[in-house]
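Morning, everyone. I have one structure to go through today, and I will take it piece by piece. Please have a look at it on the screen.

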Amino acid sequence: MIPFTKAHACGNDFLIVTEEAARNHDWANLTRRLCARNTGVGADGIEFFAWTGSASGRIRLHNADGSIAEISGNGTRCVAAWMAQELNAQPGDELQIETDAGMRLCRIDGVRTDTGFAVDVTAGMGVPTFVAKNLKVLDEQIVEGLVVSTGNPHFVVTMPDAEFKMTHWDWRSIGAEICTHSDFPNQTNVEFFHVAGPHEIEIRIWERGVGPTSSSGTGTSATATAAIALGLAKSPLTVVAPGGLQTVVWDGPGTELFLTGPAALIARGEAY
């Protein structure tokens, strides 16, 4: 039996499994099996975890399809929530989490135990980079966007309104096409946003290896980077995804971006 904890951050859900518990398994196969929504536990991915110190750990993320992702901002925050409960962490405590995109420092801003266990976390997301790019998709339509790196790849597209449509194409169709576009041989995450106000944007996410998701931490970070870099919004920026709100603070190119949002533990259990 494989012990696991299920957690979510704004509806983006993950299983947390220790490397010790998974040592005799192929992680890609295990992830596909356990993340299946109808025949498994169900999740967007598994964070495989190992302690590296009294308040530090290492994670390796597999997406629901078994592929390896460099990092998930929401997944990292879910691991921070799990670590916080294990350590009885208090507001102000800091946890170090090593990802394939580098070390991420997570500060616990708040702990809630009234209906389970949840935390608010501010995570340093590194220094984002971005460059403009045009893509030809679907019916030879040209899509203008920004290629953004927040430790993993993103393509961010501005949408004219809250309908998230480009001519007669829904964002999901465009997202699926861009994700596997030949210009991205390793695929890419895709985000669409429209500006709701000077300090607020709304987003939709097509996640590499998963498909549409209710939220994404790195996607939120990448989209905020694009909106601020293009002069369409200002920091601090509230980013509204279907799964909830996150806040980004970013002072511009060459500086680290900080992401604040919730994470909650859902359940513990064992799987075959």
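In the hairpin of strands E7 and E8, 4 residues sit between the strands, and one residue to look at there is Gly116, with a positive phi near 105°. Before I go further: this is a predicted model, and the values I quote are computed from it.

Back to the strands. E7 covers residues 102-112 and pairs with E6, residues 94-99, in the antiparallel sense over 6 bridges. Ile97 stands opposite Arg104 in E7. The hairpin from E6 to E7 has 2 residues as its link. On to E8, residues 117-124: E7 and E8 are antiparallel and are joined by 6 bridges. If you want one position to orient yourself, Ile108 has Val121 in E8 as its bridge partner. As a general reminder, side chains in a regular strand alternate between the two faces of the sheet.

Next along the chain are E9, E10 and E11. E9 is residues 129-137, E10 is residues 141-149, and the two run antiparallel with 9 bridges between them. Within E10, the residue opposite Asn134 is Glu144. The E9 and E10 hairpin has 3 residues between its strands, and Leu138 has a positive phi there, near 45°. E10 then pairs with E11, residues 153-158, again antiparallel, through 4 bridges. Here Val148 has His154 in E11 as its bridge partner. The hairpin of E10 and E11 also puts 3 residues between the strands, and in this one Gly151 takes a positive phi near 100°.

Staying with backbone geometry. Most residues other than glycine have a negative phi, and most peptide bonds are trans. Two further residues deserve a mention on the phi side. Cys10 is not a glycine, yet its phi is positive, about 55°. Cys10 is in the loop between E1, residues 2-9, and E2, residues 12-18. Is Cys10 buried or exposed? Its relative accessibility is 5%, so Cys10 counts as buried. The other one is Phe164, also with a positive phi, near 55°. Phe164 lies in the loop between E11 and E12, the latter being residues 165-166. Phe164 has 1% relative accessibility and therefore counts as buried.

On the peptide bond side, the bond between Ser235 and Pro236 is cis, with omega about 0°. Pro236 belongs to the loop between helix H4, residues 217-229, and strand E17, residues 237-241.

Now the aromatic residues. The structure has 7 aromatic pairs. I will show one of these: the ring centres of Phe49 and Trp51 are 5.0 Å apart and the planes are at 90°, which is why the pair is edge-to-face. How do the two partners compare in exposure? Phe49 has a relative accessible area of 1% and is buried, whereas Trp51, at 38%, is partly exposed. Trp82 comes in as well, since ring pairs link Phe49, Trp51 and Trp82 into a cluster.

Then there is the inside of the protein. How many cavities of 30 Å³ or more does a search of the whole structure find? The count is 1. The largest cavity holds about 80 Å³ of space. It is lined by 13 residues, and the closest to its centre are Ile71, Asn152, Asn189, Glu207 and Thr218. E4, residues 56-63, and E14, residues 189-197, each give at least two residues to that lining. By type, the lining of the largest cavity comes to 3 nonpolar, 7 polar and 3 charged residues.

Last, the chain as a whole. Its secondary structure is 4 helices and 19 strands. The C-alpha trace spans about 50 × 40 × 30 Å along its principal axes. For 272 residues, a compact globule would have a radius of gyration near 19 Å, and the 18 Å of this chain agrees with that. Of those 272 residues, 51% count as buried.

That is what I had. Questions, please.

Methods
Residues are numbered from 1 along each chain as its sequence is written. This is a predicted model: local features need pLDDT of at least 70, side-chain atom pairs count only at pLDDT 80 or more; totals for chains, interfaces and linings use all residues. Side-chain values use heavy atoms; hydrogens and water are left out. On a 1 Å grid over the protein atoms alone, a cavity is a set of points where a 1.4 Å probe fits but cannot get out, and a pocket is an open set with protein on both sides within 12 Å along at least five of seven lines; lining residues have an atom within 4 Å of a point. Grid points are joined across faces, edges and corners, and a volume is the space filled by probe spheres set on the points. Ala, Val, Leu, Ile, Met, Phe, Trp, Tyr, Cys and Pro count as nonpolar, Asp, Glu, Lys and Arg as charged, and the others, Gly among them, as polar. Two strands pair if DSSP finds at least two bridges between them. Rings of Phe, Tyr and Trp (its six-membered ring) pair if their centres lie within 6.5 Å; planes under 30 degrees apart count as stacked, over 60 as edge-to-face and the rest as tilted. Buried means under 20% relative accessible area, exposed over 50%, partly exposed in between (1.4 Å probe, protein chains only). The radius of gyration is taken over C-alpha atoms; the globule rule is 2.2 Å times the number of residues to the power 0.38.
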